[in-house]
There are 2 protein chains.
Amino acid sequence: MTKITMFGKGNMGQAIGQSFEQAGNIVRYFASKDLVDDIGDIVVLAVPYQAALEIAKEQRERLTAKIVIDISNPLNFETFDELVVPSDSSAAQEIAALLPDTTVVKGFNTNFASTLSSKKLGTNHPVVVQLATDDEKAVEVIRKALEGSGLQVINAGKLKRARELEAMGFLQMTLAASEQISWNGGFGIFQ
Amino acid sequence: MTKITMFGKGNMGQAIGQSFEQAGNIVRYFASKDLVDDIGDIVVLAVPYQAALEIAKEQRERLTAKIVIDISNPLNFETFDELVVPSDSSAAQEIAALLPDTTVVKGFNTNFASTLSSKKLGTNHPVVVQLATDDEKAVEVIRKALEGSGLQVINAGKLKRARELEAMGFLQMTLAASEQISWNGGFGIFQ
């Protein structure tokens, strides 16, 4: 049983928080501007990229030694045609640069909220969460915390793979926005 | 019935060529150094990125007004940890810059060869080919040419989305290389 601190109560925050609850963890929800004193072992930044940066800046000490999951897809939402992070970097790496004493993990950004809630793609394909981080142990901590939730976890490599995960998340959103796929669908993983 | 010119006879070239043949097209195969005189309406560069660049440079006039599909994943195969194209660009965009009078399409790079052959992911999930190009009509030409092959086609947007498609292809290869998935699996699309 792990204590989870969720920043963000939007559809992604709710779907991820509920998944951790379904797996038997204690989940507390906060708004992005809340200063949280009793922060959990796993922190999920289920807020837009700019808000995630602000949390990292303003709560850096509180986040020391925690596992912080960045789920953002840092799109330019005006053009829906590019990302707002440097092209050789990623939101997760930018956030990690602000949190040198924190284990930053990229995750959940290649999953649409509805599939994180339903735990399936199509009629019955499992939903796999891709995680990238420089600390492999963090992947196992998160995998364990999600056991029983119905979500599966895959180790997508080092934190720098966040660049590719964010490209994939971006692409998936453009496919849905252009109605090539639905927001209940998206990319699945076949092992 | 479309005339298809395949550069490359590796496992990707064979799987893609056979798919076009299964759909009733005429497919001719060439090595990357062959100078081809009677070039088809659709040309597939099923060769490594550097070889694709060479073909673009050396056969520019022959490729005028053709549809050229770049399938490459421009990895640094020594490190398996980065791409060799500028981070704000893509192999397809670099090739397109050499071929101003050609319709360049990014495609097939998010599909592993074995799934292009078997036409399925897992027990029975359809294999979808993502295509990105600035000429939407080219997507329809390719879609039509693949009708009956068992492969489905999705319009992944403008050619600049090749950056994201190549990131996804790269990620998929790292997942297989690290045995998180098999080379018979990979990313599928749920609509």
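# Strands, cores and copies: questions and answers

User: Which residue is the bridge partner of Val43(B) in β4(B)?

Analyst: Good place to start: this is a predicted model, where local features need pLDDT of at least 70, side-chain atom pairs count only at pLDDT 80 or more, and totals for chains, interfaces and linings use all residues. Residues are numbered from 1 along each chain as its sequence is written, chains are lettered from A and ligands numbered from 1 in the order in which they are written, and side-chain values use heavy atoms, with hydrogens and water left out. Strands (DSSP runs of E, at least two residues) and helices (runs of H or I, at least four residues) are numbered from the N terminus. In β4(B), Val43(B) has as its bridge partner Val68(B).

User: Through which helix does the chain cross from β3(B) to β4(B)?

Analyst: The two strands, residues 42–45 and 67–70 of chain B, pair in the parallel sense over four bridges; strands count as paired if DSSP finds at least two bridges between them. The β-α-β crossover between them is right-handed, which means that, with the strands pointing away from the viewer, the path from the first strand over the helix to the second runs clockwise. Residues 49–58 of chain B carry the chain across, and they form helix α2.

User: Which strands of chain B stand at the edges of the sheet?

Analyst: Seven strands make an open sheet with mixed pairing, in the order β2-β1-β3-β4-β5-β8-β9 (chain B). Two of them have a single partner strand each, so one side of each is left without a neighbour in the sheet. Those edge strands of chain B are β2 (26–30) and β9 (152–155).

User: By how many degrees are neighbouring strands of this sheet turned against each other on average, and what angle does helix α5 of chain B make with β9(B)?

Analyst: Ignoring direction, the average turn between neighbouring strands is 25 degrees. Helix α5 (residues 136–146) packs on the sheet and touches β3, β4, β5, β8 and β9 of chain B, where contact means heavy atoms within 4.5 Å. Axes are lines fitted to C-alpha atoms, for helices over the stretch in contact, with angles from 0 to 180 degrees between N-to-C directions. Between the directions of α5 and β9(B) the angle is about 175 degrees.

User: Is β5 of chain A buried or exposed?

Analyst: On one side sit Thr103(A), Val105(A) and Gly107(A), on the other Val104(A) and Lys106(A), and both faces are covered. The strand pairs with β4(A) in the parallel sense over four bridges and with β8(A) in the antiparallel sense over two bridges. Five of its five residues fall under the cut-off (under 20% relative accessible area, with exposed over 50% and partly exposed in between, 1.4 Å probe, protein chains only). The strand is therefore largely enclosed by the rest of the structure: buried.

User: How many residues are in the largest nonpolar core?

Analyst: A nonpolar core is a set of buried Ala, Val, Leu, Ile, Met, Phe, Trp, Tyr and Cys residues joined through side-chain atoms within 4.5 Å. In the largest one, Phe7, Leu45 and Ile95 of both chain A and chain B touch the most other members. The number of residues in this core is 81.

User: What relation links chain B to chain A?

Analyst: Superposed by least squares on the C-alpha atoms of residues with pLDDT of at least 70 in both copies, chain B lies on chain A with an RMSD of 0.0 Å after a turn of 180 degrees and a shift of 0.0 Å along the axis. This is the relation of a two-fold axis.
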